[in-house]
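Please open the model in a viewer and keep the sequence panel beside it. The tour below proceeds by selection, one step at a time.

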Protein chains: 2
Amino acid sequence: MNFKKFHSDEDVKAFAFQYSSLSGHKESATVTEIGDGNINFVYRVADKCGYSVIVKQALPYVRIIGEGWPLSQDRIRIEAQTLQIAGQYCPDLAPEVYHFDRDLCAIVMEDIGAHQNLRHLLIARENLPLLGRHLGCYLASTLFYTSDFFLDPYAKKEQVANFINPDLCKITEDLFFVDPYCDHERNSINELVRTEAEALWEDSVLKLEVAKLKAKFLSQPQALLHGDLHSGSVFASVEGTKIIDPEFAFCGPIGFDVGSIVGNFLLSYAGHSQIAAVDDNGAYQTWLLQVINELWDEFETCFRQLVLEHGTEPSLAVPEYIDWFLKEIFSDSLGFAGTEIIRRTIGLAHVADIEEIHDLEKRAEAERLALSLGRRLIKSRYEIADVASIL
Amino acid sequence: MNFKKFHSDEDVKAFAFQYSSLSGHKESATVTEIGDGNINFVYRVADKCGYSVIVKQALPYVRIIGEGWPLSQDRIRIEAQTLQIAGQYCPDLAPEVYHFDRDLCAIVMEDIGAHQNLRHLLIARENLPLLGRHLGCYLASTLFYTSDFFLDPYAKKEQVANFINPDLCKITEDLFFVDPYCDHERNSINELVRTEAEALWEDSVLKLEVAKLKAKFLSQPQALLHGDLHSGSVFASVEGTKIIDPEFAFCGPIGFDVGSIVGNFLLSYAGHSQIAAVDDNGAYQTWLLQVINELWDEFETCFRQLVLEHGTEPSLAVPEYIDWFLKEIFSDSLGFAGTEIIRRTIGLAHVADIEEIHDLEKRAEAERLALSLGRRLIKSRYEIADVASIL
């Protein structure tokens, strides 16, 4: 294969110094590989003054597998451009891209080191007072400004073509919508919940609803999505929130982004049903639901306001349509949240929120809660009127 | 502008002879300009033996307006490729493309001279026994084989990108979904039905439903559509049917194609309410409804069978999903039929089926029927269970 991998720390430093405000001698700078992701190479480059940037490089295969699992390098262009769009509309909520190099398939970007991986924060039961509002604001801004409400139809169609991302969409198409609904070899199922998993495979109403959601994923380019908005793509602190890693970005159904992150809060809720619930009397679970509530409220309020103030498409700016549209997005979001919860429980990639429960019976209890919640969200998404009625 | 227009009949002949089975001396061949369309140049080239082909050339502007209305020449590539796809899946129902020349923006194709413009046939009250079945079969085949039911997601996404057709979609986006629902200068309104037109502009439930339909048109690439399937795009005889002119093709909602042609039969029905109804006791109107019934029945039966026999996407091959999907397409089709009926009655481009009623009061009666039918189809499309309940 013909590609330009960084061969040494010196290569990484040279690239980082050329395209950022790193100062001082390159020799005194440090390079640390920090990628805890499985797909790409990620480095932190810090100069002598302590200022640092992130360098991310995509190779034409999956990092932890190697050349045996090829993956389009176009994903890093898509990530860079999606970050730039997010930076344009909510600059505080995404890392700034300093430079993207098409030949190297590498980005130099802002180091968000002061923020921590949200999944770890949720497991550690941290309270993050701004989190729900920040996520709602991020979703409303990035999704409105890339939708038919704002873009003229020429720009919108160009955006659809520009963000066609078949390799990464295929991963989602299979892992979210196929594997968990049949006895697939990629699934990873705790033997203690095998009966519950098998019950899903027999549930034809569930499969009907999953088919409807998959059809939306395949053919409803409402807006440019992040495409992989789980707790590990969110970095947070008490003051701030940063959404990273949009390499799965593509034009798809708005509810998929909203639902993915909501599903992750509910997975945390399921995990804490066996952990926090015991020793804080459910306080952290209540906080998780409050975050979902704030997220949705902020999303809805902000999206509606953006349509009214900045909408450019007169036929869609009908107030009754915006109401109807937001209700649809709410139902879609619940459905997609359900698919995220189920695929993280019995599919290939589980979440630490539940996986780190060492007592197998307790873990199974959390998984049972997750599966029943996921199933309900998918099947009853049109009957659930608000966040308070989710549980 | 830099483009290669055919400058003389000799240019047209040379092109046609090079890429078809025309025989004999070029000198003895004849060229006739036959384009009754407004946008392109269309010629019939016939050799001495009477064998003939069609040459169609797209210039970078609208033919009847000139350079003042520029229009992407990419439309002719889109038309050629869409005809080729139709030719692959229902070769009897579309003209064969012998050659497409990207530089000349010109196609040489089969002459379907034995068939006549369906609009003229409907006005002349011709009975075409195979018409409904042929159209249903054309719709089922072209739409199934270009949908997520059949194409793998890589091929589907490539198809979406390949058929992005912004200039021609914009025409539909405006003429179908904007103009008729406000007092737009492009509208052409018979003064006798102005009150009825104004009533539409005040109908907020109607506008809500039109917004939903427009959102689907903008962002629901279910399959590769013909995109302009009115009676003038269908040529028919007692034995055969040919669907031509897919220059508006793009990936969109399946119901748009089905609804466009259904809407045209209903426009004919409305016209005949003032013509045929009087002297044939409604027999021709009954036949028109029978055509719609056969069209839908054939479409539904054939689409279902294609999914079951040739569907490649397991998550969508759930029988309950196919039932649900076809019901949705039926409702969508009624809604889009309603938009076609309304825009052809008070929008820019009217149809001869009604326009040729010389008595202005009778014409207004036909227009009133069309408007009330269109409005009902859009607003009540989910309550109408079958074709028999349309009227």
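The stops that follow concern a predicted model, beginning with its two chains and continuing with a sheet, a hairpin and several helix contacts.

**The two chains**

Display chain A and chain B together. Chain A is superposed on chain B by a rotation of 180 degrees with 0.0 Å of shift along the axis, at an RMSD of 0.0 Å. The two copies are thus related as by a two-fold rotation axis. Both copies use the same surface, since 100% of the contact residues of chain A recur in chain B.

**The sheet of chain A**

Next, restrict the view to chain A and select strands S1, S2, S3, S7 and S6. These five strands make up an open sheet in the order S1-S2-S3-S7-S6, with antiparallel pairing. Which strands stand at the edges? They are S1 (30-33) and S6 (97-101) of chain A; each has a single partner strand, so one side of each is left without a neighbour in the sheet. On average, and with direction ignored, neighbouring strands of this sheet are turned by 20 degrees against each other.

Now select S6(A) with S7(A), residues 106-110. Four bridges pair these two strands in the antiparallel sense. Within S7(A), A:Ala106 is the residue opposite A:Asp101.

Add helix H1 of chain A, residues 9-18. This helix packs on the sheet and touches S1, S2 (41-46), S3 (52-57), S6 and S7 of chain A. The direction of H1 makes about 65 degrees with that of S2(A). Then add helix H2 of chain A, residues 74-89, which lies across S3, S6 and S7 of chain A. H2 runs at about 155 degrees to S6(A).

**A hairpin in chain A**

Select residues 61-62 and 66-70 of chain A, which are strands S4 and S5. The two strands run antiparallel and are joined by two bridges. They form a hairpin with three residues between them. A:Val62 has A:Gly66 in S5(A) as its bridge partner.

**Helices H8 and H12 of chain A**

Move to H8 (residues 204-219) and H12 (residues 319-346) of chain A, whose axes come within 10 Å and cross at roughly 105 degrees. That crossing makes H8(A) roughly perpendicular to H12(A). To see the contact, show A:Leu213, A:Lys216 and A:Phe217 of H8(A) against A:Glu328, A:Asp332, A:Gly335, A:Phe336 and A:Thr339 of H12(A). The residues of this contact divide into three nonpolar, two polar and three charged.

**Helix H9 of chain B and its partners**

Finally, turn to chain B and select H4 (residues 131-144) and H9 (residues 254-272). Their axes come within 10 Å and cross at roughly 165 degrees. H4(B) and H9(B) are therefore roughly antiparallel to each other. B:Leu131, B:Leu135, B:Leu139 and B:Leu143 of H4(B) make the contact with B:Ile254, B:Asp257, B:Val258, B:Ile261 and B:Phe265 of H9(B). By class, this contact has eight nonpolar residues, no polar residues and one charged residue.

Keep H9(B) selected and add H12 of chain B, residues 319-346. The axes of H9(B) and H12(B) come within 6 Å and cross at roughly 50 degrees. This angle makes H9(B) oblique to H12(B), and the crossing is right-handed. Residues of H9(B) in the contact include B:Gly255, B:Gly259 and B:Gly263, while those of H12(B) include B:Phe325, B:Ile329 and B:Phe336. By class, the contact of H9(B) with H12(B) has eleven nonpolar, seven polar and three charged residues.

Key:
Residues numbered from 1 in each chain as written. Chains lettered and ligands numbered in written order. Predicted model: local features only at pLDDT ≥ 70, side-chain atom pairs only at ≥ 80, totals over all residues. Heavy atoms only, no water. Axes fitted to C-alpha atoms, helices over the stretch in contact; angles between N-to-C directions. Parallel < 35°, antiparallel > 145°, perpendicular 65-115°, else oblique. Contact = heavy atoms within 4.5 Å. Nonpolar A, V, L, I, M, F, W, Y, C, P; charged D, E, K, R; others polar. Pairing = 2+ DSSP bridges. Least-squares fit on C-alpha atoms with pLDDT ≥ 70 in both. Left-handed = near helix turned anticlockwise from the far one by under 90°.
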